[in-house]
Amino acid sequence: MRVLGIDPGLRTTGFGVVDIEGSRLSYVASGTISTMHLDKGELPARLKVLFDGITEVVARYEPDSASVEIVFVNVNPQATLLLGQARGVCVTALVVSNLPVSEYTALQMKKAVAGHGRAAKPQVQAMVQRLLQLPGLPGPDAADALGLAITHAHANVSMARLAASSPLQRRASAMYRGGRSY
């Protein structure tokens, strides 16, 4: 199975692709999609760059599923809204490409990769390097994206084991109408 991780950002969006064979993880690719060459006032153009970039990554690496970081609420409401728009474009590009999308918080990703939710960026980078046996440290945005792919790989294995041991049923009481379910 091939998983694409996305760390959304309006200026820099990280992506990471990981192959999963049983419990073995192997690195495929990672990088960033940057909109810094555009003026800050050109929001629609910046969002189009992100959409086209994610679509190109999906076409090139053909993942089976994707994982995206859930946006946190920032002190600055304007920054949160802009980040939410970037995240929305990323999720839309994945859904248009017919990929199942899972969502994880930064805390969940840091716990899965580094062992605790308060891990600093350099700790996440070092653990991603170690887990994927990379020759060097990935960039911070690419490391977060690879961390999201690793998190999804771990969660997917756990969910498959649970499904094998007992039938899982979605409960209507735990679902929002047409929204996320937990």
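Colleague: Read along the sequence, what pattern does the protein follow?
Modeller: This is a predicted model, in which local features need pLDDT (the predictor's confidence in each residue, from 0 to 100) of at least 70, side-chain atom pairs count only at pLDDT 80 or more, and totals for chains, interfaces and linings use all residues. Residues are numbered from 1 along each chain as its sequence is written, and side-chain values use heavy atoms, with hydrogens and water left out. The protein has 5 helices and 5 strands; helices (H or I, at least four residues) and strands (E, at least two) are DSSP runs, numbered from the N terminus. Along the sequence they follow the pattern β-β-β-α-β-α-β-α-α-α.

Colleague: Over which residues is the pLDDT below 50?
Modeller: The mean pLDDT of the protein is 89, and 86% of its residues reach 70 or more. One stretch has a pLDDT below 50, and beyond near neighbours in sequence it has 6 contacts in the model, a contact being heavy atoms within 4.5 Å. That stretch is residues 172–179.

Colleague: What share of the contacts with a separation of 6 or more is accounted for by residues 24 or more positions apart?
Modeller: The count here takes contacts in the protein with a separation of 6 or more. Within that set, pairs 24 or more positions apart make up 57%.

Colleague: Which residues touch the most other members of the largest nonpolar core?
Modeller: A nonpolar core is a set of buried Ala, Val, Leu, Ile, Met, Phe, Trp, Tyr and Cys residues joined through side-chain atoms within 4.5 Å; buried means under 20% relative accessible area, exposed over 50%, and partly exposed in between, with a 1.4 Å probe and protein chains only. Strands S1 (2–7), S2 (12–21), S3 (24–34) and S4 (65–69), along with helices H1 (43–61) and H2, each give two or more residues to the largest core. Of its 22 residues, those that touch the most other members are Leu-4, Ile-6, Phe-15, Ile-54 and Leu-94.

Colleague: How many residues are in the second, separate core?
Modeller: This core includes Val-128, Leu-134, Leu-148 and Ile-150. Its number of residues is 17.

Colleague: Which elements do the buried residues of H2 pack against?
Modeller: The buried residues of H2 include Leu-83, Cys-90 and Leu-94. Leu-94, leaving aside neighbours within four places in sequence, is in contact with residues including Leu-4, Ile-54, Val-68 and Val-101. Taken together, the buried residues of H2 pack against S1, S2, H1, S4 and S5.

Colleague: Which residue caps the N-terminal end of H2?
Modeller: The 20 residues of H2 should span 28 Å at 1.5 Å a residue, and its end C-alpha atoms are 28 Å apart, which agrees; the expected span is 1.5 Å times one less than the number of residues. At the N-terminal end, a side-chain oxygen lies 3.0 Å from the backbone nitrogen of Gln-78. The residue that carries this oxygen and caps the helix is Asn-76.

Colleague: Is Asn-98 buried or exposed?
Modeller: Asn-98 lies in the loop between H2 (77–96) and strand S5 (101–104). It has a positive phi of about 65 degrees although it is not a glycine. With a relative accessible area of 68%, Asn-98 is exposed.

Colleague: Within what arc do the buried residues of H4 fall?
Modeller: The buried residues of H4 are Val-124, Gln-125, Val-128 and Leu-132. An α-helix has 3.6 residues a turn, so residues three or four places apart point the same way. Exposed Pro-122 and Arg-130 are on the face of H4 turned away from its buried side. Seen down the axis, with directions taken from the axis to the C-beta atoms, the buried residues line one face of H4 because they fall within an arc of 100 degrees.

Colleague: What is the relative accessible area of Gln-133?
Modeller: Gln-133 is in the loop between H4 (121–132) and helix H5 (140–165). Its phi is positive, near 55 degrees, in a residue other than glycine. Gln-133 counts as exposed because its relative accessible area is 71%.

Colleague: Which residue's backbone oxygen does the side chain of Thr-13 reach?
Modeller: Thr-13 is found in strand S2 and is buried, with a relative accessible area of 0%. Not counting residues up to four places away in sequence, it touches residues including Ile-6, Thr-32, Leu-50 and Cys-90. At 2.7 Å, its side chain reaches the backbone oxygen of Gly-9.

Key
A polar contact is a pair of N or O atoms within 3.5 Å; within protein, one must be able to donate a hydrogen and the other to accept it, and residues adjacent in sequence count only if both atoms are side-chain atoms.
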